[in-house]
Amino acid sequence: MTSNNGGPFGAVIVKNGEIIASSGNCVTINKDPTAHAEIMAIRQACTILNDFQLIDCILYSSCEPCPMCLGAIYWARVKKVYFACNRQDAAKAGFDDSFIYDEILLDVEQRHIPMQQLELASADQPFIDWNIQNKKILY
């Protein structure tokens, strides 16, 4: 944080008692809104383990994960998460994600960013093709 790479957040991923990945927030340095500390540490750990799942890993974070990071943690199948500050602490420092938690609960048509499903005849074709494919890696 003091090097101005991003906000005041950090994350560490541990497997079998050994730190395998760690990162701070890199949003501003990477010019990437998804470069939160947890996301960066997950990417690093997956590369090191050569796997897209972190089943036996524990994530330590300086703060309760935001909605995006929480989704990534679930997709990565992290075993457990420990965090220091909570979302209310983050909000007091200017990092208030409550509007995202609120948006998730709304119907698509009621969200602040306009969203509309397109009516396309073959929109589900990739899912149909996926389901009949024999050589697929489930995740």
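## A walk across the sheet

Start with Val 14: it stands opposite Ile 19 in β2. Keep in mind as you click around that this is a predicted model.

Now widen the selection to the two strands involved. β1 covers residues 10-15 and β2 covers residues 18-24; they run antiparallel, with six bridges joining them. What lies between β1 and β2 in the hairpin they form? Just two residues, and if you pick Asn 16 in that turn, you'll find a positive phi of about 50°.

Next, head to the other partner of β1. Select residues 57-63, which make up β3: this strand is antiparallel to β1 and is tied to β1 by five bridges. Two pairs are worth showing as sticks here. Val 12 stands opposite Tyr 60 in β3, and Ala 11 is set opposite Ser 61 in β3. While the side chains are on, remember that in a regular strand they alternate between the two faces of the sheet.

Time to zoom out. In what order do the four strands sit in the open sheet? Reading across, you get β2-β1-β3-β4, with mixed pairing. Colour β2 and β4 (80-85): these stand at the edges with a single partner strand each, so one side of each has no neighbour in the sheet. Look along the sheet for its twist: on average, neighbouring strands are turned by 15° against each other, direction ignored.

Last stop: select residues 37-49, helix α2, which packs on the sheet. Helix α2 touches β1, β2 and β3, and its direction makes about 140° with that of β2.

How values were computed
Residues numbered from 1 in each chain as written. Predicted model: local features only at pLDDT ≥ 70, side-chain atom pairs only at ≥ 80, totals over all residues. Heavy atoms only, no water. Pairing = 2+ DSSP bridges. Axes fitted to C-alpha atoms, helices over the stretch in contact; angles between N-to-C directions. Contact = heavy atoms within 4.5 Å.
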